[in-house]
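Subject: Structure for your review

Dear colleague,

Please find below the structure that I am handing over to you. My findings follow directly after it, and I would be grateful if you read them with the model open.

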Amino acid sequence: MRVESSHFPYLPVTLSLHGQRLEVEALLDTGFDGGLAVPEGTIAFELSAAWKIRAYLADGSLVHAPAFRGTVCIGSLPPVTTTIIILGNAPVLGRAVADHHKITLDRGRRIVVES
């Protein structure tokens, strides 16, 4: 199975959380070791955070973000159970999901993801 995205460096992602599904385009960030970060307001339903996670940003600052356990699918590939955090201003896909797949960055033109 494979997914291709010509909207480099973004991938189509479906997150499932508490029985709800949401499709977003997420920036692939190989420097982010988490699962998926989504901005506040992305998830349209009210949730109480399962816990708060400590996260270090690229500038070295420490933040505490609401965290949930859910599943993330890249396109039609099999789901990966991971931590989803509420943080930032755009969806970001990290290595906790990406490491489950073979990913080829094709000269800045497309991303190919294989399961």
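Proline 9 is placed in the loop between β1 (2-5) and β2 (10-17). Please bear in mind that this is a predicted model. The peptide bond that joins phenylalanine 8 to proline 9 is cis, with omega at about 0 degrees. Most peptide bonds are trans, and most residues other than glycine have a negative phi. Departures from the second of these habits also occur in the chain, and I take them next.

Histidine 18 is not a glycine, yet its phi is positive, at about 50 degrees. This residue is found in the loop between β2 and β3 (20-28). Is histidine 18 buried or exposed? Histidine 18 has a relative accessible area of 56%, and because the cut-off for exposed is over 50%, histidine 18 counts as exposed.

Arginine 107 likewise has a positive phi of about 50 degrees without being a glycine. Its place is the loop between β9 (102-106) and β10 (110-114). With a relative accessibility of 65%, arginine 107 is exposed.

Arginine 107 also leads to the salt bridges. How many salt bridges does a search of the whole structure find? The search gives seven. In one of them, arginine 107 pairs with aspartate 106, and the closest N and O atoms are 2.7 Å apart. The two partners differ in their surroundings: aspartate 106 is buried, at 14% relative accessibility, whereas arginine 107 is exposed, at 65%. Salt bridges with shared partners link Arg2, Glu4, Lys102, Asp106, Arg107, Arg110 and Glu114 into one network.

Two further pairs within the network deserve a look. Arginine 2 and glutamate 4 meet through their side chains in a salt bridge, with 2.9 Å from N to O. Arginine 2 is partly exposed, with a relative accessible area of 44%, and glutamate 4 is partly exposed with a value of 44% as well. The other pair is glutamate 114 and lysine 102, whose closest N and O atoms are 3.8 Å apart. Because glutamate 114 belongs to strand β10 and lysine 102 to strand β9, this salt bridge ties together parts of the chain that are 12 residues apart in sequence. Glutamate 114 is partly exposed, at 24% relative accessibility, while lysine 102 reaches 54% and counts as exposed.

I turn now to a residue in the interior. Alanine 65 lies in strand β6, which covers residues 62-74. Its relative accessible area is 0%, so alanine 65 is buried. Which residues is alanine 65 in contact with, leaving aside its neighbours within four places in sequence? The contacts are Trp51, Lys52, Ile53, Ile85, Ile86 and Leu87. One of these deserves a separate remark: isoleucine 85 is 20 residues from alanine 65 in sequence, and the two C-alpha atoms are 6.2 Å apart in space.

Finally, I summarise the chain as a whole. Its secondary structure consists of one helix and 10 strands. In sequence order, the pattern reads β-β-β-β-β-β-β-β-α-β-β. The radius of gyration is 14 Å, close to the 13 Å that the globule rule gives for 115 residues, so the chain is as compact as a globular protein of that length. Along the principal axes, the C-alpha atoms fill a box of roughly 40 × 35 × 20 Å.

Of the 115 residues in the chain, 38% are buried. Among contacts with a separation of 6 or more, 56% are between residues 24 or more positions apart. The accessible surface of the chain is about 6,600 Å², and carbon and sulfur atoms account for 50% of that area. As for charge, the chain carries 10 positive and 11 negative side chains, and the centres of these two sets are 6 Å apart.

When you inspect the model, I suggest that you begin with the cis bond between phenylalanine 8 and proline 9, and then follow the salt-bridge network that includes Arg107 and Asp106.

With kind regards

Definitions and conventions. Residues are numbered from 1 along each chain as its sequence is written. This is a predicted model: local features need pLDDT of at least 70, side-chain atom pairs count only at pLDDT 80 or more; totals for chains, interfaces and linings use all residues. Side-chain values use heavy atoms; hydrogens and water are left out. Helices (H or I, at least four residues) and strands (E, at least two) are DSSP runs, numbered from the N terminus. Buried means under 20% relative accessible area, exposed over 50%, partly exposed in between (1.4 Å probe, protein chains only). Contact means heavy atoms within 4.5 Å. A salt bridge is a side-chain nitrogen of Lys or Arg within 4 Å of a carboxyl oxygen of Asp or Glu. The radius of gyration is taken over C-alpha atoms; the globule rule is 2.2 Å times the number of residues to the power 0.38. Accessible areas come from the Shrake-Rupley method with a 1.4 Å probe; for residues, only the protein chains shown count as cover. Lys and Arg count as positive and Asp and Glu as negative; His and the chain ends are not counted. The place of a charge is taken as NZ of Lys, CZ of Arg, CG of Asp or CD of Glu.
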